[in-house]
Amino acid sequence: MAGMVTALTAFVVTAVLGRWMVPYLHRLKYGQTILDIGPRWHKKKEGTPTMGGLMFIIGIIVASAAGYFTYQMNTDVIMPLAGAAGSRLFAGLMMAAGYGFIGFVDDYIKVVKKRNLGLTPRQKLLMQIIVAACYLLAMHVSGDRSTMLVIPLVGQIDLGLFYYPFVVFVLLAVTNAVNLTDGIDGLASCVTLVVAVGFMAVSSILGFFEINILATALAGACLGFLVWNFYPAKIFMGDTGSMFLGGLVGALAFGVGLPILLVPMGIVYVCEAGSVILQVISFKTTGKRIFKMSPIHHHFEMSGWSEMKIDLIFSLVAAAGCAIGVWLVTTL
């Protein structure tokens, strides 16, 4: 019952908000500026409203609250907000909102202040570290103080004090990887929808009902956003949305105690970020490029793939990765 309420609320709130937000952002002239470093045919997208991530941020927050209270009313198991379970839900949600706020500031500087580079890398990194540290603090206060890293088929490793910089590194990595994935119409939304469904399965298997609520809200909101974001996109999520999604995916992985699942289940994100890293290293050391353009979705775009084909293939790859992740969980 809670899952149905959560998914439906997230979808409806996000999709309905689009009917108001798309024309509103048009009137404000909060349109995307397409830089010359991308494929030249993307220039036709110039002026498409951005910051659309606000739609699903609101949808996910409302749906998570609705799912939480529905769950409380239909079960004898109490999930207090101050407990570990409640913190996994709401601290994870607030962490994602913190990353979304960083993305919003970045978008605002680009769109309103007309400074295309937005926040400086140093400013963005510092803010991201602070958000991750606040998430760690919230979990620590709630009583979730384990420093164990669980690796399916291998066992457990106690990272001790190294666990904390590990968490910060992983959260920054996944947030920025999802940000890189948001490069063509519907891609980040489609891939994250698949990943959310994967974590719905994982959380159900492991009995993390609070994370199941969060994953269900994410899936419903991504589907609602695709009503407006699928090719040809009527609105872009901007850094506001992509950084929120990255933070929430990280919260799901740490919420079930298995951040290692981000490797198979987030394989698309890994490839997107990895392609950028490899491209930079190759160009700086040899003067040659490995890909026609990075991130890797642009390589396939430059090779003649349509945006819808990239959305489909990348989503299928994500689904395969999620299937592996779910299987790994069953081995625990």
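Which residue forms a salt bridge with Asp144? In this predicted model, the partner is Arg88, and the closest N and O atoms of the two are 3.9 Å apart. This pair ties together distant parts of the chain, as Arg88 lies in helix H3 whereas Asp144 sits in the loop between helix H4 (121–142) and strand S1 (148–151), 56 residues apart. Arg88 is buried, with a relative accessible area of 14%, while Asp144 is partly exposed at 29%.

Arg88 also meets Glu210 in a salt bridge, with an N to O distance of 2.6 Å. Here too, distant parts of the chain are linked: Glu210 belongs to helix H7 (residues 209–229) and Arg88 to helix H3, with their positions 122 residues apart. Glu210 is buried, its relative accessibility being 4%.

A further salt bridge joins Asp106 to Lys124 at 3.1 Å, N to O. It connects helix H3, home of Asp106, with helix H4, where Lys124 is found, 18 residues apart. Both of these residues are buried. Through salt bridges with shared partners, Asp106, Lys110, Lys124 and Asp239 form one network. Across the whole structure, the search finds five salt bridges.

Asp107, located in helix H3 (residues 84–111), offers a contrasting case. Asp107 is buried yet has no salt bridge; the nearest side chain of opposite charge is that of Lys110, 4.8 Å away. Because a salt bridge requires the nitrogen and the carboxyl oxygen to be within 4 Å, Asp107 and Lys110 do not count as such a pair. Leaving aside residues up to four places away in sequence, Asp107 touches Met51, Val112, Met237, Gly238, Asp239 and Thr240.

Conventions:
Residues numbered from 1 in each chain as written. Predicted model: local features only at pLDDT ≥ 70, side-chain atom pairs only at ≥ 80, totals over all residues. Heavy atoms only, no water. Helix = DSSP H or I, 4+ residues; strand = E, 2+ residues; numbered from the N terminus. Buried < 20%, exposed > 50% of the residue type's maximum accessible area, 1.4 Å probe, protein only. Lys, Arg positive; Asp, Glu negative; His and termini not counted. Contact = heavy atoms within 4.5 Å.
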